[in-house]
Amino acid sequence: MAACIFCKIIKGEIPCFKLFESDKTLAFLDINPLSKGHALVIPKFHGATLTDIPDEHLSELLPVAKKLATATGAVNFNILQNNGRIAHQIVDHVHFHMIPKPNEQEGLGISWPQKETDMEALKALFEEIKPKV
Ligand code: AMP
Ligand code: ZN
């Protein structure tokens, strides 16, 4: 897609610090890292959110994220993939973050506002979703 910044990186029109490349996948350092080694893995196929990407273009992404985690020596790390503005997505080309978490202060901070539910409500939800999976 012409205006997409990550498509421009794939085409070499914008520079990046490339960590991995194959015919379907690219990985490079994040330009505004949350921690040392913060990197992105992207499919070369353009799509804004995960559901826009065909399965065959997704299969390499987690193995490459794993390579990045190993290469950085990260023991604690997060893999993050945002979809949509209110889910904190800024660049509309699917990307997985690999974010080392070297200590409490650096890396990804997560608010995890879990709510209690009951088995009846959980079962009703299960019955709604399960037939569509
Ligand atoms: P997200 O909020 O999940 O859409 O994250 C987009 C990420 O892309 C951010 O962490 C940015 O720092 C990163 N980013 C944006 N432009 C570039 C670029 N030209 N090179 C490397 N990383 C970039
Ligand atoms: Zn793109």
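A polar contact here is a pair of N or O atoms within 3.5 Å. Keep that cut-off in hand for the ligand stop. The model on screen is predicted.

**Stop 1: ligand 1**

Select ligand 1 and the residues around it. There are 16 of them, and the closest are Asp30, His88, Ile90, His95 and His97. Now show the polar contacts. Start with the backbone of Val91: one of its N or O atoms lies 2.9 Å from an oxygen atom of ligand 1. Move to His95, where a polar side-chain atom sits 2.7 Å from a ligand oxygen. Then pick His97, whose side chain places a polar atom 2.8 Å from an oxygen of ligand 1. Switch on the surface. On its own, ligand 1 has 510 Å² of accessible area, and the protein covers 85% of that.

**Stop 2: Asn82**

Stay with the histidines and select Asn82. Look for it in the loop that runs between strand E4 (77–80) and strand E5 (96–100). Is Asn82 buried or exposed? Its relative accessibility is 10%, so Asn82 counts as buried; the cut-off for buried is under 20%. Follow the side chain of Asn82 to the backbone oxygen of His88, at 3.4 Å. Next, list the contacts of Asn82, skipping neighbours within four places in sequence. What remains is Ala87, His88, Gln89 and His97. Two of these names are familiar from the previous stop: His88 and His97 are among the residues closest to ligand 1.

**Stop 3: the whole chain**

Zoom out and colour by secondary structure. The chain has 3 helices and 5 strands. Read from the N terminus, the order is α-β-β-β-α-β-β-α. Along the principal axes, the C-alpha atoms fill a box of roughly 55 × 35 × 25 Å. Colour by burial next: of the 133 residues in the chain, 32% are buried. Turn to the surface, which comes to about 9,200 Å² of accessible area, with 60% of it belonging to carbon and sulfur atoms. A contact map is worth opening too. Take the contacts between residues at least 6 apart in sequence; 52% of them join residues at least 24 apart.

**Stop 4: the largest nonpolar core**

Hide the surface and select Ala27, Val41, Val64, Leu68 and Phe96. These have the most contacts inside the largest nonpolar core, a set of 13 residues. Which elements each supply at least two residues of this core? They are strand E3 (39–43), helix H2 (61–72) and E5. H2 gives the most, with 5 residues.

Centre the view on Ala27. Beyond its neighbours within four places in sequence, Ala27 is in contact with Phe17, Lys18, Leu19, Phe20, Leu40, Val41, Val64 and Leu68. Val41, Val64 and Leu68 also appear in the list of core residues with the most contacts.

Now add Cys4, Phe6, Ile9 and Leu40. They belong to a second, separate core of 9 residues. Leu40, then, is in this second core and is also a contact of Ala27.

**Stop 5: the aromatic pair**

Keep Phe6 selected and add Phe28. A search of the whole structure finds 1 aromatic pair. How do the two rings meet? The ring centres of Phe6 and Phe28 are 5.5 Å apart and the planes stand at 80 degrees, so the pair is edge-to-face; that class takes planes over 60 degrees apart. Trace the backbone between them. Phe6 is in helix H1 (residues 5–11) and Phe28 in strand E2 (residues 25–29), 22 residues apart, so the pair links distant parts of the chain. Both Phe6 and Phe28 are buried.

Terms used. Residues numbered from 1 in each chain as written. Chains lettered and ligands numbered in written order. Predicted model: local features only at pLDDT ≥ 70, side-chain atom pairs only at ≥ 80, totals over all residues. Heavy atoms only, no water. Phe/Tyr/Trp six-rings, centres within 6.5 Å; stacked < 30°, edge-to-face > 60°. Helix = DSSP H or I, 4+ residues; strand = E, 2+ residues; numbered from the N terminus. Buried < 20%, exposed > 50% of the residue type's maximum accessible area, 1.4 Å probe, protein only. Polar contact = N/O pair within 3.5 Å; in protein donor to acceptor, adjacent residues only side chain to side chain. Contact = heavy atoms within 4.5 Å. Near = heavy atom within 4 Å. Areas by Shrake-Rupley, 256 points an atom, 1.4 Å probe, with all protein chains shown as cover. Core = buried A, V, L, I, M, F, W, Y, C linked by side-chain atoms within 4.5 Å.
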